[in-house]
Each structure stands twice: as C-alpha cells, then as structure tokens.
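Keep the structure open while you read. This walk-through goes from single residues to helix packing, then to the surface and the chain as a whole.

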Amino acid sequence: MEPLDVARLVAGPALLVVGAELLVRGSARLAAAVGLSPLVIGLTVVSYGTGAPELAVSLSAAWADRGDIALGNVIGSNILNVLLVLGITAIVAPLVVQRRLVQSEVPFMIGASLLTLAMAADGVLSRIDGAVLVAGVIGFTLVALRLGKRFEAPAEAHVEAPVPIELTMRLIAMVVVGLALLVLGGRWIVDGAVAIARGFGISELVIGLTIVAIGTSLPEVATSLIAAVRGQREIAVGNVIGSNIFNLLAVLGTTVVVVPDGIVVARSALVFDLPVMVAAAAVCLPIFFTHGRIDRWEGGLLLATFAAYLAYLALRGMQHPWLPSFAWAMVTFVLPLAGVALATSVLAYQRAAAAR
C-alpha cells in the first residue's frame with residue numbers, strides 16, 4: 001500500500017464534506033434567485049454536478065480500455081444511490097417526496113434503466129446506443145426545467161427582492177467551487193481505493209461495481225445528507241433521482257460514444273447487476289407513492305438490501321464457495337420479503353386514503 005494512496009483516502013472525504021456544504025448552500029439560494037424550485041435544482045444542477053466524478057472516472061476507464069470499470073461504475077452508482085444514499089438519508093431525516101417525482105422523474109428513471117438493459121441485451125453498447133442515451137439527457141433537462149418553471153416556482157421568488165448581480169455571482173462561484181471539491185475528493189478516493197483493491201486481485205467489474213461506484217457516489221452521499229440535515233430535503237431526493245438519470249444517459253451515453261468499438265457487457269452484469277439496477281429504480285415508485293415521504297423504516301429496508309447486495313459482490317469477487325447458496329437465499333427469501341413489506345405499506349396507505 002503506497003503512502004499516497006492512503007493520503008488520498010484520508011483527504012478525499014474531507015473535500016467531499018466541504019464541497020457538499022458549499023454546493024447545497026449555493027444551490028438552495030441560487031434556486032430562489034433564478035426562480036427555480038429546490039427540487040428542480042436538485043434534479044439538474046446538483047445531481048449533474050455530483051455526477052461529474054462518475055463521468056470523469058468512466059471516461060478515463062473507457063479510454064484506458066477498462067470497459068468493465070466504466071460500466072460497473074455506472075451500474076453500481078445507480079444501485080448505491082437508491083439503496084445507500086436514500087436509505088441512510090431517510091434514516092437521518094425522513095424525506096419529503098413531491099408528487100411530480102412519482103408522476104414524471106421516477107418513471108423516467110425506470111424507463112432509462114429498462115432502455116439500458118435492452119440495449120445491453122446483445123452484449124455490446126454501441127455508439128448508436130450512446131447517442132440515443134445522450135439525446136435522452138438533453139430532452140430530460142429541457143423538460144425538467146420547463147416543468148419546474150410552470151408548476152414549482154418557489155414562494156421565495158414572489159416575496160423576495162431581486163438578488164443583486166454581485167450576490168448571484170458569489171452563489172455561482174460557491175456552486176462551482178463546491179463541485180470542484182466534490183470531483184477532486186471523489187477522484188482521490190477512487191484512485192487510492194482502486195490501487196489498493198488491485199493489489200488483492202479483485203476483478204475490474206467488481207472493482208467498478210463496488211469501490212469505484214462507492215467512491216464516485218460519495219458526493220451524492222455527502223450532498224444528500226447535508227441537504228437533509230439543513231432542511232433542503234427536496235434537494236436530497238432530487239439529487240438521487242437526477243444523478244441516476246444523469247449516470248445512465250449522460251455518463252454511460254458519452255462514454256459509449258467516445259469509445260470507437262463501444263463497451264462489451266459482461267454476462268454477469270447482464271444477468272444480475274443490470275436487473276438489480278432496474279429493480280432498485282422500480283422500488284422507488286411504491287416507496288415514493290406512500291404518504292409522499294420516505295420513512296425511516298423504508299430507509300432501513302433500502303440499507304439492508306444494499307448490505308445484502310454488497311455481501312453478494314464480495315463473495316463473487318472472492319469466488320467464494322458460499323456464493324451459490326447466498327444468491328439462492330437472496331432470490332428466495334430476502335427480495336420477496338422486501339417486496340411484501342413494500343406491498344403491505346402501499347395497501348395500508350390506500351386503505352387509509354379510502355377511509356378519509
């Protein structure tokens with residue numbers, strides 16, 4: 001283990017915390033200044049900014065002919081965003097979910113996940129596939145901004161005096177500096193962690209799904225946690241949904257476009273990791289639907305599911321003999337029990353609504 005790798009792992013999280021604090025403060029105040037709701041800022045500016053580490057790492061990996069790391073980074077980040085980021089954030093502070101997320105952004109995220117799985121079914125993500133994904137993120141951004149202006153103009157925009165140009169520029173600078181620190185902190189963590197993991201002989205796909213994905217998702221973790229603690233819960237939720245959409249459409253799309261021969265999709269990713277990513281996206285719909293919030297027990301359920309998935313990846317990385325039994329237990333017991341819990345919550349909500 002090189003001293004530089006250890007230094008990066010130690011300094012990276014500190015940069016993430018400072019960068020997330022600047023990003024959340026600047027974005028929340030900038031939202032009121034330009035007439036956009038915090039949710040729209042979370043879905044676009046914040047989520048695209050915290051997705052910058054994923055873009056930088058996936059592009060670097062693809063150019064270095066490390067397609068498994070590039071793909072694993074996107075898949076792992078999306079799984080982690082829902083199961084870990086939403087889970088731990090909801091445990092810290094139950095999250096409020098706006099109705100438009102259930103009606104538009106979450107279905108869009110599920111659709112983008114299914115589209116990616118369908119494109120990967122032939123074992124290769126081609127430049128044409130990448131171009132379709134990039135076009136999707138452009139369309140999503142335009143629609144999100146338009147809907148935000150139409151339906152969610154914040155109250156502050158109607159009661160506050162116009163923000164001076166000097167203050168606006170300072171807020172923009174705060175957002176830019178925050179993003180820069182997030183990108184640098186995430187990159188330091190990834191570089192240090194990957195160097196250490198390779199020393200243990202772990203496969204590149206598993207590295208991408210775990211260490212790289214966790215490292216590049218730390219900005220989302222830091223940003224959503226700080227946003228929730230500071231009461232900006234719309235930013236916390238919007239950051240996760242927007243980041244997942246950005247990862248699939250912008251990060252994966254751009255990466256595939258710039259690689260001449262596209263990215264080969266490993267069979268293990270096609271038959272397990274991509275379906276898990278789709279399932280993680282789909283599970284947001286019943287959770288967000290009930291009561292317009294993510295309760296602590298639902299956050300705990302997401303976190304427990306992430307722990308089980310992480311344990312599976314660890315066993316797979318080591319080619320442990322317990323792997324088949326663990327996979328069977330997950331499919332037979334863990335996932336169905338989680339589904340029953342969510343279904344029970346939805347039914348209870350519907351009955352309570354009918355009683356009112």
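In which helix is N73 found? This is a predicted model, and in it N73 is found in helix α4. N73 has a relative accessibility of 0%, so N73 counts as buried. Now look at what surrounds N73. Leaving aside neighbours within four places in sequence, N73 is in contact with E54, V57 and S58. The list of contacts for N73 goes on with G208, V212, A213 and T216.

Stay with helix α4. Helix α4 covers residues 67-92. One of its packing partners to inspect is helix α10, residues 233-258. The axes of α4 and α10 lie 10 Å apart. The angle between these two helices is about 175 degrees. The cut-off for roughly antiparallel is an angle over 145 degrees. Therefore α4 and α10 are roughly antiparallel to each other.

Which residues of α4 meet α10? On the α4 side they are A70, L71, V74, S77, N78, N81, V82, V85, L86 and T89. On the α10 side they are A236, V240, S243, N244, N247, L248, V251, L252 and T255. Asparagines sit on both sides of this meeting, including N78 and N81 in α4 and N244 and N247 in α10.

Two of those α10 residues come back in the contacts of a glycine. G51 lies in the loop between α2 (38-50) and α3 (52-63). Is G51 buried or exposed? G51 is buried, because its relative accessibility is 0% and buried means under 20%. Leaving aside neighbours within four places in sequence, G51 is in contact with E220, F246, N247 and V251. N247 and V251 also belong to the α10 residues that meet α4. G51 and N244 are 193 residues apart in sequence. Their C-alpha atoms are 8.5 Å apart in space.

Next, step off the end of α4. A93 is placed in the loop between α4 and β1 (95-96). At 7% relative accessibility, A93 counts as buried. A93 touches A228, R233 and R296, not counting residues up to four places away in sequence. What separates the C-alpha atoms of A93 and L225 in space? The distance is 8.6 Å, with their positions 132 residues apart along the chain.

Now turn to D273 in helix α11, residues 267-289. This aspartate has 0% relative accessibility, so D273 counts as buried. Not counting residues up to four places away, D273 touches I75, I79, L205 and L209. D273 also touches S268, Y309, L313 and R316. Two of these, I75 and I79, have numbers that fall within α4, residues 67-92.

L313 and R316 lead on to L323. L323 is in helix α13, residues 323-355. Its relative accessible area is 15%, so L323 is buried. Leaving aside neighbours within four places, L323 is in contact with Y312, L315 and R316. R316 is also touched by D273. L323 and L313 are ten residues apart in sequence. In space, L323 and L313 are 9.1 Å apart, C-alpha to C-alpha.

Helix α12, residues 296-318, holds A307. At 43% relative accessibility, A307 counts as partly exposed. A307 and L84 are 223 residues apart along the chain. Their C-alpha atoms are separated by 8.6 Å.

Where does a nonpolar patch form on the surface? I165, M169, I172 and V176 make one. Together they have about 370 Å² of accessible area. Take I172 as an example: I172 is in helix α8, residues 165-198. With a relative accessible area of 34%, I172 is partly exposed.

Finally, zoom out to the whole chain. There are 13 helices and four strands. The chain has 356 residues, and buried residues make up 50% of them. The chain exposes about 15200 Å². Carbon and sulfur atoms supply 70% of that exposed area. Consider contacts with a sequence separation of 6 or more: residues 24 or more positions apart account for 85% of them. The contact between N73 and T216 and the contact between G51 and V251 give two examples to trace on screen.

Notes:
Residues numbered from 1 in each chain as written. Predicted model: local features only at pLDDT ≥ 70, side-chain atom pairs only at ≥ 80, totals over all residues. Heavy atoms only, no water. Buried < 20%, exposed > 50% of the residue type's maximum accessible area, 1.4 Å probe, protein only. Contact = heavy atoms within 4.5 Å. Patch = residues over 30% accessible without salt bridge, like charges linked within 9 Å, V, L, I, M, F, W, Y side chains within 5 Å. Areas by Shrake-Rupley, 256 points an atom, 1.4 Å probe, with all protein chains shown as cover. Salt bridge = Lys/Arg side-chain N within 4 Å of Asp/Glu carboxyl O. Axes fitted to C-alpha atoms, helices over the stretch in contact; angles between N-to-C directions. Parallel < 35°, antiparallel > 145°, perpendicular 65-115°, else oblique.
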